[in-house]
Amino acid sequence: MKVTMLAKSCDKRDCPTIYKTDRGTILVQGETPTGHGLSIPDHETLVEIPMDLIRQAFGDTASA
């Protein structure tokens, strides 16, 4: 899989980041939230990222 960074929220390695892949998908790096009350299957996870990062990657068409 080829991965290209679209946007990140800081200059460090361990910060929220959005990537696109050559498979037509998006990868998201961010904090794993807790206390959300959702039932998530074992093979999936939730990732929390700032809306400003979404806007940086995809423009103002992404709204909260």
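At 35% relative accessibility, V47 falls in the partly exposed class, since that class spans the range between under 20% for buried and over 50% for exposed residues. In this predicted model, V47 sits in the loop that links β3 (26–29) with α1 (51–58). V47 also takes part in a nonpolar patch on the surface, where its partners are L6, I26, V28 and F58. Together these five side chains present about 360 Å² of accessible area.

It helps to place this patch within the overall fold. The protein has one helix and three strands, and along the sequence these elements follow the order β-β-β-α. The C-alpha atoms fit a box of roughly 30 × 25 × 25 Å along the principal axes.

The strands can be taken in turn. Strand β1 (residues 3–8) runs antiparallel to strand β2 (residues 17–21), and five bridges join the two. Within this pairing, V3 lies opposite T21 of β2. Strand β2 also pairs with β3, again in the antiparallel sense, through four bridges. Here K20 faces I26 of β3, and I26 is itself one of the residues of the surface patch. The connection between β2 and β3 is a hairpin with four residues between the strands. In its turn, G24 adopts a positive phi of about 75°.

Turning from the surface to the interior, the largest nonpolar core consists of six residues: A7, I18, I49, L53, I54 and A57. Helix α1 is the main contributor to this core, supplying three residues. A good place to see how the pieces meet is A7, a core residue whose contacts beyond four places in sequence are P16, T17, I18, L53, Q56 and A57. Of these contacts, I18, L53 and A57 are also members of the core.

Some whole-protein values complete the picture. Of the 64 residues, 19% count as buried. The accessible surface amounts to about 5,100 Å², and carbon and sulfur atoms account for 49% of that area. Among contacts between residues at least 6 apart in sequence, 23% connect residues at least 24 apart.

Notes. Residues are numbered from 1 along each chain as its sequence is written. This is a predicted model: local features need pLDDT of at least 70, side-chain atom pairs count only at pLDDT 80 or more; totals for chains, interfaces and linings use all residues. Side-chain values use heavy atoms; hydrogens and water are left out. Patches are made of residues with over 30% relative accessible area and no salt bridge: like charges are joined within 9 Å, nonpolar side chains (Val, Leu, Ile, Met, Phe, Trp, Tyr) within 5 Å. Accessible areas come from the Shrake-Rupley method with a 1.4 Å probe; for residues, only the protein chains shown count as cover. A salt bridge is a side-chain nitrogen of Lys or Arg within 4 Å of a carboxyl oxygen of Asp or Glu. Buried means under 20% relative accessible area, exposed over 50%, partly exposed in between (1.4 Å probe, protein chains only). A nonpolar core is a set of buried Ala, Val, Leu, Ile, Met, Phe, Trp, Tyr and Cys residues joined through side-chain atoms within 4.5 Å. Contact means heavy atoms within 4.5 Å. Two strands pair if DSSP finds at least two bridges between them.
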